[in-house]
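Student: Could we go through this structure together? I'd like to see how the terms are worked out.
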Amino acid sequence: MRWGLVGVNAGAFAQPERAAAMARAAESAGFDSLWTFEHVVVPLEYRSRYPYSPTGTAPGLADLEMPDPLVWLAYVAAHTSTIALGTGILILPQRNPVVLAKQVATLDVLSGGRIRLGVGLGWLEEEYDAVGVPFAHRGARTDDYIEAMRTLWGSDDASHHSEFTSFSNVRAWPRPPGGAVHVTIGGHSEAAARRAGRLGDGWFAAIDATSIAQLGLPGALERFVGLIDLMRGTADKHRRDPDAIEISLLTGLAPPQEAVERLEAHGVHRMVMFVPTRDPAAVEQAVGGLARRVGLR
């Protein structure tokens, strides 16, 4: 099992010195990846339902400092050397895919091929309104943007025409070192599992802290295993290798060892947790302690 940290660009670690210290501590402790959050803006009032809380709201979200994930990762890349750097997730339909393909490929080159582009649809319709992108059809837009970016990454004479994106006979440099950026599909719904099976190099599924505490219960585990089976079946249907799709599970908290073993047996490759402290002075000790708890040291 591999282990990562999530939400690393939010709150205390939005500031440069703190970000660098946390990233170096994670790399030194043996964590394999860092994953950012994203909101371009957060409306002070919204009607959209937050999917990760039974109340449907995200307390404190508007007060949480959250830098642009790609810019933050570029800074952290310069202060680390081996740890993978991922977006968990970037709200893809809100971005221009041609510009984003250029940005992510550049970041992948500068980081030595360490970028994992985690993408999702988002949930906050009012944020879409502020960005000026329709909330409707965001799933179809996401699929199209992934295809458009891969075309730009992989062709000297790229063309792509769809309802959402259109370009002909263009070339985008630089190229990602591996030929394409690793694209991870975010989300814990059936639609996300199918999208990961159809299109993803990876799948980044989120389970809130309350649910992870219940993973030992048959119902919680069975639901997630069912989603894994759905993802694998969709991959088979589209003649893709399901074993090649990397599964990362955001648990928030360190899960019990029994849950880790059961999830690993069902094909989960990585568990992703929150940074265990927001105190910059204590981050090295706290991250090291978490590494020992999950067996990295």
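Tutor: Sure, let's begin with Pro69, which touches Asn9, Thr36, Phe37, Glu38, Thr87, Leu90 and Arg95, leaving out residues up to four places away in sequence; contact means heavy atoms within 4.5 Å. This is a predicted model, where local features need pLDDT of at least 70, side-chain atom pairs count only at pLDDT 80 or more, and totals for chains, interfaces and linings use all residues. Residues are numbered from 1 along each chain as its sequence is written, and side-chain values use heavy atoms, with hydrogens and water left out.

Student: Why does Pro69 count as buried?

Tutor: Buried means under 20% relative accessible area, exposed over 50%, and partly exposed in between (1.4 Å probe, protein chains only). Pro69 has 1% relative accessibility, so it counts as buried.

Student: What makes α5 and α6 roughly parallel?

Tutor: Helix α5 (residues 138–154) and helix α6 (residues 190–199) pack at about 20°, with axes 12 Å apart. Angles under 35 degrees count as roughly parallel, over 145 as roughly antiparallel, 65 to 115 as roughly perpendicular, and the rest as oblique. So α5 and α6 are roughly parallel to each other.

Student: Which residues make that contact?

Tutor: From α5 they're Gly139, Thr142, Asp143, Ile146 and Arg150, and from α6 they're Arg195, Arg198 and Leu199. By class, that's 2 nonpolar, 2 polar and 4 charged residues. Ala, Val, Leu, Ile, Met, Phe, Trp, Tyr, Cys and Pro count as nonpolar, Asp, Glu, Lys and Arg as charged, and the others, Gly among them, as polar.

How values were computed. Axes fitted to C-alpha atoms, helices over the stretch in contact; angles between N-to-C directions. Helix = DSSP H or I, 4+ residues; strand = E, 2+ residues; numbered from the N terminus.
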